[in-house]
Every structure is written in C-alpha cells, then in structure tokens.
Amino acid sequence: MTELTWLNELLAGNRIFTPQTIGYYWDGLVLTTQLVFLSLVAGLVLAIPLAIGRSSSRRWISLPIYVYTYVFRGTPLLIQLYIIYYGVVFFDGIQQTFLWPLLREAFYPALIAFTLNTAAYSTEIFRGAIKATPRGEIEAAKAYGMSQGLMMRRIVLPSAFRRALPAYGNEVIFMLHASAIASVVTLMDITGAARFVYARFYAPFEAFLFAAAIYLCLTFAILYFFRYLEKRLLAHLKPQSGN
C-alpha cells in the first residue's frame, strides 16, 4: 500500500473522497471506457456496410436499413436498453443456450443496445458522406476502369470518411454521455459510482460534480483526438498561404 501513501495524504481529513470512493470512480471509469469503446468499434463495423446498402438504389436493400435506422434513431436509448435487458428472458429457450451466461450479465445487453444505437446514427452519417462524393471523383474512377467494389474501397469510402469525421466525432461524444444510463441496469459506471457515493454520504453535489468532471475530461480528450485527425486528414483543404 506504499504506492497509495501520496493519495492517502492528499485525501486526509476528507470525509467523502477517500481512497475507497476514488476506487469506485476508477472502476466506473474503466467500465465506461470499455463499454463506450467496444460499442463504438462494433457500431462502426456495422455502420460501414449498412451505409453502403443504405446508399443503394435498390429499395429491397435500402428500405430495411432505413427502417432500422429510423426505429433506433427515433426511440430513446434508455427504452432500447430496457427492452434488450429485460426482454431477452422472454425468448423461449434462451436460458438453455450458450448465450445465456453472457446475456444474464448486464454488461452485454448494454453493449448490444449501445452498439445498435450508435450503428444507426453512424449509418446515416456515412450514408450522407457517401452521397456527397463529388461526381468528378466517381467519373474519374470509372474512366480508370475500376469496378464498383474497387471504386467504393479506394475512392468513395476514404473520401466519405474524411467528410464524415466531424459529425462522427460528435456521435462519439454523444455515446460517451449516453453511457451514463448504463447504471440503471445495475452497472457500476461513472454515474453508478456517483450514485453510490451519494447514497452513502448523502452528498449529491460532491458526488455528481466529480462525475461530471470525469466526463468533461473524457470529452476534451475525444475532442482533441478528433481535432488531430481532422488536421491530419483534412490538411489538403486548408487554404494555402501565398508566397
């Protein structure tokens, strides 16, 4: 415990923020980071092919994807989380399958809900970016004899990703903030840790302001990361100073 001596000295005489309660916040930070990161990665993997299908002129492809994005963007994430968390037990035979050890844990239903939600928003973000691809780039790719798949992989998607980057950065921040509802299904995330501290010490301002400060730091880190990406990937759009 010698490595915590400095922390004990810093918190000496503090009734609320003890090494134990700071540990709760740390565990909540780790869980929040894992939940948001995994849902964003899985959602992005889903969103790219869905965005391509959503951009298709074939309605039998684009219409089901439109319905999915409409439903998940048109209903609150909290309701989606409740339906998945509480509704999974009503599927006949689910408790006898290999999925039950995962689904009975609150983390995985929350991960599914967050993934499907962010995938719906990301699909529309990337669909709009794909639709905004300059006609000249597509015609140039066709003139080089590129197939539809090759053109999508080398021309359309890289260009669309650069255009979608600012909007997708906002979606990442939105998911971070939306993850605060994970505590309603017994997950001890950052908000869950704040609720625990509040219930134990009856100190709502200290407990939740500290949680807000953590979210604020994470938001600034995400903003900095996306600003850096925009600076690197959109450097060619920056006006060139004259000699």
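Q: Where in this predicted model is Thr118 placed, and is Thr118 buried or exposed?
A: Let's start with the helix: Thr118 belongs to α6, which covers residues 107-131. Its relative accessible area is 0%. Buried means under 20%, so Thr118 in α6 counts as buried.

Q: Which residues does Thr118 touch, leaving out those up to four places away in sequence?
A: Contact here means heavy atoms within 4.5 Å. With residues up to four places away in sequence set aside, Thr118 touches Ser39, Leu40, Gly43, Glu171 and Met175.

Q: At what angle do helix α2 and helix α8 pack, and how far apart are their axes?
A: Two packed helices are described by the angle between their axes and the distance between the axes. Here α2 spans residues 19-54 and α8 spans residues 148-178. Residues of α2 including Ser39 and Leu40 meet residues of α8, among them Met175, and α2 passes α8 in a right-handed crossing. The angle is about 145°, and the axes are 11 Å apart.

Q: Is Tyr70 buried or exposed, and what is the area of the nonpolar surface patch that Tyr70 helps to make?
A: Tyr70 sits in helix α3, residues 59-74. Its relative accessible area is 52%, so Tyr70 is exposed. Together with Leu63, Tyr66, Val67 and Val71, Tyr70 makes a nonpolar surface patch of about 450 Å².

Q: What separation do the C-alpha atoms of Ala212 and Thr191 have?
A: Ala212 lies in helix α10, residues 204-233, and is partly exposed at 39% relative accessibility. Thr191 is 21 residues from Ala212 along the chain. Their C-alpha atoms are separated by 8.7 Å.

How values were computed. Residues numbered from 1 in each chain as written. Predicted model: local features only at pLDDT ≥ 70, side-chain atom pairs only at ≥ 80, totals over all residues. Heavy atoms only, no water. Patch = residues over 30% accessible without salt bridge, like charges linked within 9 Å, V, L, I, M, F, W, Y side chains within 5 Å. Areas by Shrake-Rupley, 256 points an atom, 1.4 Å probe, with all protein chains shown as cover. Salt bridge = Lys/Arg side-chain N within 4 Å of Asp/Glu carboxyl O. Helix = DSSP H or I, 4+ residues; strand = E, 2+ residues; numbered from the N terminus. Buried < 20%, exposed > 50% of the residue type's maximum accessible area, 1.4 Å probe, protein only. Axes fitted to C-alpha atoms, helices over the stretch in contact; angles between N-to-C directions. Left-handed = near helix turned anticlockwise from the far one by under 90°.
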